[in-house]
Amino acid sequence: MTTVSADPTNQNSITPERRIIVADTLGYCWGVRRALDIIEEAASPENRVAPIGDIIHNPQVVQRLRGQGVEGAPDLDAAEREGFKRVAITAHGYGPQLTEAAKTRGLEMIDTTCPLVTKVQRLAQKLVRQGYFLVVYGDDYHPEVRGVLNWANTGKSVAAKKIEQLPWNAKRGEEGEGKISPPRKVALVSQTTKNIDELMVFANKLQAMVVPNGGEFRLCNTICEPTTERQEALKRLVDEVDVILAIGGKKSSNTARLADVGNARGVPSYHIESEAEIQPGWLEGATTVGVTAGASTPDDVIEEVVAYLAETYGFTPPEGGIRPVDPDYVPAF
Ligand code: SF4
């Protein structure tokens with residue numbers, strides 16, 4: 001689409017319209033909305049709640065919740081020192097020891113673990129009972145991954161994102177100096193917010209290590225439906241845009257994966273927390289900007305980025321706003 005330039009000295013020149021296309025699925029996921037509803041219902045400035053860790057990987061929301069009596073603490077000691085009598089498990093989940101420790105200290109526990117994360121925790125336990133060595137595809141420092149490993153409660157488990165992080169370096173049955181081959185039964189689950197394409201690359205390599213000589217490999221795709229939907233919506237967008245902005249807190253794994261999806265398809269994609277990080281050079285020569293947002297990014301943060309692109313760079317915002325929110329949407333379990 002083209003429009004006549006607004007430049008009064010150049011009335012007849014035609015310039016392409018600069019516009020914003022928003023992914024058809026983006027921002028808050030069902031699990032984060034649910035966790036925020038639970039915590040906001042439970043807390044007040046007089047009756048404060050301390051989520052252990054970040055309730056949400058979004059600094060703007062963390063700031064807003066502080067005013068409502070919700071303030072994160074790194075651990076139970078810190079929560080007690082700050083005088084909290086009530087603590088919470090975030091949507092990412094936590095190992096069972098946290099609930100037991102809170103009980104011992106007489107602290108009330110509010111559990112906002114996303115049911116889709118609970119499903120992975122239960123699955124991990126089941127796989128371990130069935131004799132599998134458990135591999136969790138994900139970031140070993142992430143609270144969700146640590147929680148899943150804690151629920152599995154076994155030495156026969158590991159978190160890894162690269163094959164080199166596994167405790168084996170050879171195929172089953174391969175022998176020789178320095179060769180360590182995997183056990184007979186290995187199961188793979190994923191952090192819920194990972195990228196399906198990257199999971200499959202990892203899974204294929206792991207399978208090739210495990211299955212020779214009678215090995216058994218089981219892949220359980222536990223990437224959650226809302227994460228997959230955001231990635232698929234972005235894939236539908238990439239052919240139409242020159243640059244992609246993925247909005248979300250810097251610690252948000254699923255926002256980082258969205259930027260990865262764009263970059264992997266050849267569209268320069270930037271993970272930003274707010275409009276303040278947008279650099280003019282990114283938009284040079286771009287006529288269409290794609291906007292997406294991670295599962296913990298609230299609508300007003302997305303709207304601020306869209307408004308900034310319109311006001312500062314003259315991009316036309318999408319008709320009808322950033323998205324229709326379906327309050328009744330519940331993902332498949
Ligand atoms: S990203 Fe998925 S698993 Fe995580 S809170 Fe949202 S719905 Fe739940």
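Biologist: How many bridges join strand S7 to S8 in this predicted model?
Modeller: The model is predicted. Strand S7 covers residues 133-137 and runs parallel to S8. Tyr-137 stands opposite Ala-160 in S8. The number of bridges joining S7 to S8 is four.

Biologist: In what order do the strands of that open sheet lie?
Modeller: The sheet has four strands, with parallel pairing. Its edge strands, which pair on one side only, are S8 (157-160) and S10 (216-219). Neighbouring strands are turned against each other by 20° on average, direction ignored. The order is S8-S7-S9-S10.

Biologist: Which helix packs on this sheet, touching S7, S9 and S10?
Modeller: Strand S9 spans 185-190. The helix in question makes about 175° with the direction of S9. It covers residues 196-210 and is H7.

Biologist: Which strands are the edges of the sheet ordered S3-S13-S11-S12?
Modeller: This open sheet also has parallel pairing, over four strands. Its twist averages 25° from one strand to the next. An edge strand pairs on one side only. That picks out S3 (19-22) and S12 (269-272).

Biologist: Which residue of S12 stands opposite Ile-244?
Modeller: Strand S11 takes in residues 243-247. S11 and S12 pair in the parallel sense over four bridges. Opposite Ile-244 stands Ser-269.

Biologist: At about what angle does helix H11 run to S13?
Modeller: H11 is made of residues 299-313 and lies across S3, S11 and S13. Strand S13 spans 288-293. The angle between H11 and S13 is about 170°.

Biologist: Which helix gives the largest share of the shell around the ligand?
Modeller: Around the ligand there are 15 residues; those that come nearest are Cys-29, Gly-31, Cys-114, Thr-192 and Cys-224. Helices H1 (30-42), H5 (115-129) and H8 (225-237) each supply at least two residues of the shell. The largest share is three residues, and it comes from H1.

Biologist: How many residues of that shell are charged?
Modeller: Ten residues of the shell around the ligand are nonpolar. Five are polar. The charged count is no residues.

Biologist: What distance separates the centres of domain 2 and domain 3?
Modeller: The domain assignment gives domain 1 as 2-28 + 225-313, domain 2 as 31-112 and domain 3 as 116-219. The centres of domain 2 and domain 3 are taken over C-alpha atoms. The distance between them is 30 Å.

Biologist: How many polar residues are on the side of domain 2 that touches domain 3?
Modeller: The contact takes ten residues from domain 2 and ten residues from domain 3. On the domain 2 side, three are nonpolar and no residue is charged. The polar count is seven.

Biologist: Over which residues is the pLDDT below 50?
Modeller: The mean pLDDT of the chain is 92, and 94% of its residues reach 70 or more. The stretch below 50 has 13 contacts in the model beyond near neighbours in sequence. Where pLDDT is low, predicted coordinates should not be read in detail. The stretch to treat this way is residues 1-13.

Notes: Residues are numbered from 1 along each chain as its sequence is written. This is a predicted model: local features need pLDDT of at least 70, side-chain atom pairs count only at pLDDT 80 or more; totals for chains, interfaces and linings use all residues. Two strands pair if DSSP finds at least two bridges between them. Axes are lines fitted to C-alpha atoms, for helices over the stretch in contact, and angles run from 0 to 180 degrees between N-to-C directions. Two residues are in contact if their C-beta atoms, placed from the backbone, lie within 7 Å. A residue is near a molecule or strand if its C-beta atom, placed from the backbone, lies within 6 Å of it. Ala, Val, Leu, Ile, Met, Phe, Trp, Tyr, Cys and Pro count as nonpolar, Asp, Glu, Lys and Arg as charged, and the others, Gly among them, as polar. Domain bounds come from an automatic or database domain assignment. pLDDT is the predictor's confidence in each residue, from 0 to 100.
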